[in-house]
Amino acid sequence: MVDLDLLRRLSEGAGVSGSEGEVAKLLVEVLRPYADSVDRDRLGNVIAFKEGEGPTPRPRVLLSAHMDEIGLLVTGWEDGGFLRFSTVGGVDIRTLLGQEVIVHGTRILPGVIGAKPPHLQSPAERKEAIDGEKMYIDTGLKARDELERLVPIGSVVTIARKLQVLAQGRVAGKALDNRAGVMVLVGCLKELMAVKHKADVYAVATVQEEVGIRGAITSSHGINPDLGIAIDVCHGDMLGMAEDEGYPLDKGPAIGFGPHVHHQLYRALRDSAERVGITYQVEPSPTPAGTDAWGIQIARRGIPTALISIPLRYMHTSVETLSMRDVAETIRLLLAFIQGLESAFVEGLSCY
Amino acid sequence: MLLERLSTAFGPPGQEDEVREILRQEITPHVDKIWTDALGNLLAEKRGSVQGAPRVLLAAHMDEVALMVTHIDKNGYLRFRTMGGIDQRVLVSKLVLVGPQKVPGVIGSKAIHLLTPEEREKAFHLRDLYIDIGAGTREEAEALVSIGDGVVFNSSFCHLGDGRVRGKALDDRVGCSALVEILQRRYPVTLVAAFTVQEEVGLRGGRVVAFGEEIDLALVLEATTAFDVPDSKPHETVTCLGQGPALTIMDSTLIADPNLLTILRETALEQGIPYQLRRTGGGGTDGGAIHLTEGGVPTAVLAVPCRYLHSPASVIELNDYRHLVDLTDAFLAKFMERRTKLG
């Protein structure tokens, strides 16, 4: 159910918030065979539409997964082929040292992130994390004017990271937050080709989630669905983490619960999982969790919203790790939910 | 490109097998004698064209800084320690390869969302870090890796900017590659080539390669720190990329033989080969071990300047590598005429 080659292309593709062009282009091409239409809205969201069967009005379902990723932005040049940078989204500066990077200038340039070497640092300095302002990207270019020409200020930079297959069906790579969710969108539309469903399905890969859940605001407004489900990642459990901070890998998707989740929708997702025998977890989010669900909920006059998350370790590093089985089970859960969806259920969502 | 194959090969200290096999295949057609010793050093002899000519030891180390698996926990995570001088802060968010079977793994860290502002300022420490190979239990992990396995960075080798390359373990695969090139030629002097083990953990292999070989002088081919980057003061650069191979006057293990140094500098001047002097008294190479062998061996070190040494992605300029080969070549070709200077 999960196409490893596609997940690889999605993870390795570049799509820093506001510069999602490369990954959006890939998605338009990938989604087209499974959709009745694929468009982009004015903010850049990719919107694939798949019509349901039977008489109108049909339930209108929005599936939303952000396609942008955190990254770096070039802010200045230094003699000797070096670039200064700032961050886009929640980058842990400490994960950047020694990284191989791709500079997306007027052409693609390889680079490496350096800083003062340990033997020139005082013992006190060595205990501290290195400040982002003291790091630089080495492009290996010699001429300043060439550097300025090839890498305009504002060029984005991504980590050069090949998707790595680990043991036990787990994979590691960059931007799996949230290309794994995008993978679910694609898998879901593909599987819907083979089954009967009454609902009209809008699968949206949103922009600019990492800088403030922006794409989901306009896409939800434009589509005006009866209900919306955000697909994102949640913290996978790992060594050194408290038990209540993360969700184990391979225990299935985590169904979110909190103020931004509609109770009937939450119940329906759990029922769907139980009906088809999917192991799932419950992710409580008492405060605004940073996902598209938060944006969808308040579009227009308010939209019943749910959240399904794939457990992912080491979030916002370039070695984000997840289980392919959890991705596959998330697709299966959405299919079960969509197949069982009736107009009567949707109509009841505003009745408290 | 031989350098690319060497850079991506697996060679933690004491586990240099893959590097040794590549080198053995490369040099076998070009040498008169080839052997290994009790420590795992790969040695070769190439007789000079002049009877009774001096015997010159050329050394380059095969190992790289690495990690070692020290514990496998019940959830399948691997704990590790460093082998050689690795800054603990470069380990996070990297891909690694574990053991001779090169099992892929990652070194992750707790998501930034879950950290306090104070935690975000703190440098990573070894005790916080571990390798995740995807295994969910100790048994699953033990089916793939063992305690004691070496771990190297899983980096790619690529061309960078203007005539530079980026890759792991350029320290000292550049020296290995240069030595292979030298062995393809014949000189008046006899060459004894030593591809050494365990340099990064205390010059272990280098300690024994000159013993019993009646070595008259030694050249160590290395990679050395270049810190010609923003925020470094001119006196801190140590070496600069693009200014030719660096000659060591003194480091923390060796004061280079002054006469040998003079011959190298004269040779470079005469041949128009750029070189620079290494501007620090720190660091060390196999030269420190070799020059104290038996009654002492006059020794010098030639090194390719290298940025981000001991990190997942180091950078050299190919011209510096080329000029290191050229200077070594010219030195060996002309040594017979110049050796009267040697004390």
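Two strands pair if DSSP finds at least two bridges between them. The exercises below apply this to a predicted model.

**Exercise 1.** Which strands of chain B pair with β6(B), and in what sense?

*Solution.*
- Step 1. Take strand β7 (residues 103–107) of chain B: five bridges join this strand to β6(B), in the antiparallel sense. One of the bridge partners is B:Val106 in β7(B), which faces B:Leu95.
- Step 2. Look at the hairpin of β6(B) and β7(B): four residues lie between the strands, and B:Gly99 has a positive phi near 75°.
- Step 3. Take strand β8 (residues 150–153) of chain B: the pairing with β6(B) is again antiparallel, over three bridges. Here B:Val98 has B:Val151 of β8(B) as its bridge partner.

**Exercise 2.** Decide whether the residues of β6(B) are buried or exposed.

*Solution.*
- Step 1. Apply the cut-off: a residue is buried if 20 or more other C-beta atoms lie within 10 Å of its own.
- Step 2. Check one side of the strand: B:Lys94, B:Val96 and B:Val98 are buried.
- Step 3. Check the other side: B:Leu95 and B:Leu97 are buried, which leaves both faces covered.
- Step 4. Conclude: five of the five residues in strand β6 (residues 94–98) of chain B are buried, so the strand is largely enclosed by the rest of the structure.

**Exercise 3.** Describe how chain B is divided and how its domains touch.

*Solution.*
- Step 1. Find the bounds: domain 1 of chain B covers 2–64 + 168–341, and domain 2 covers 66–153.
- Step 2. Place the domains: their C-alpha centres are 32 Å apart.
- Step 3. Find the contacts: 12 residues of domain 1 of chain B touch 14 residues of domain 2 of chain B. On the domain 1 side, five are nonpolar, three polar and four charged.

**Exercise 4.** How many residues of chain A are in contact with chain B, and which element gives the largest share?

*Solution.*
- Step 1. Read the contacts: 52 residues of chain A meet 56 residues of chain B.
- Step 2. List the elements of chain A that give two or more residues to this side: β7 (108–114), β8 (136–138), β10 (164–165) and β11 (170–173).
- Step 3. Pick the largest share: β7(A) gives three residues.
- Step 4. Sort the chain A side by class: 21 residues are nonpolar, 17 polar and 14 charged.

**Exercise 5.** Explain why chain A can be called as compact as a globular protein of its length.

*Solution.*
- Step 1. Note the make-up: chain A has 10 helices and 17 strands.
- Step 2. Compare the values: the radius of gyration of chain A is 21 Å, close to the 20 Å from the globule rule for 352 residues, so chain A is as compact as a globular protein of that length.
- Step 3. Add the burial: 58% of the 352 residues in chain A are buried.

Terms used:
Residues numbered from 1 in each chain as written. Chains lettered and ligands numbered in written order. Predicted model: local features only at pLDDT ≥ 70, side-chain atom pairs only at ≥ 80, totals over all residues. Contact = placed C-beta atoms within 7 Å. Nonpolar A, V, L, I, M, F, W, Y, C, P; charged D, E, K, R; others polar. Rg over C-alpha atoms; globule rule 2.2 N^0.38 Å. Buried ≥ 20, exposed ≤ 12 C-beta atoms within 10 Å, placed from the backbone. Domains from an automatic or database assignment.
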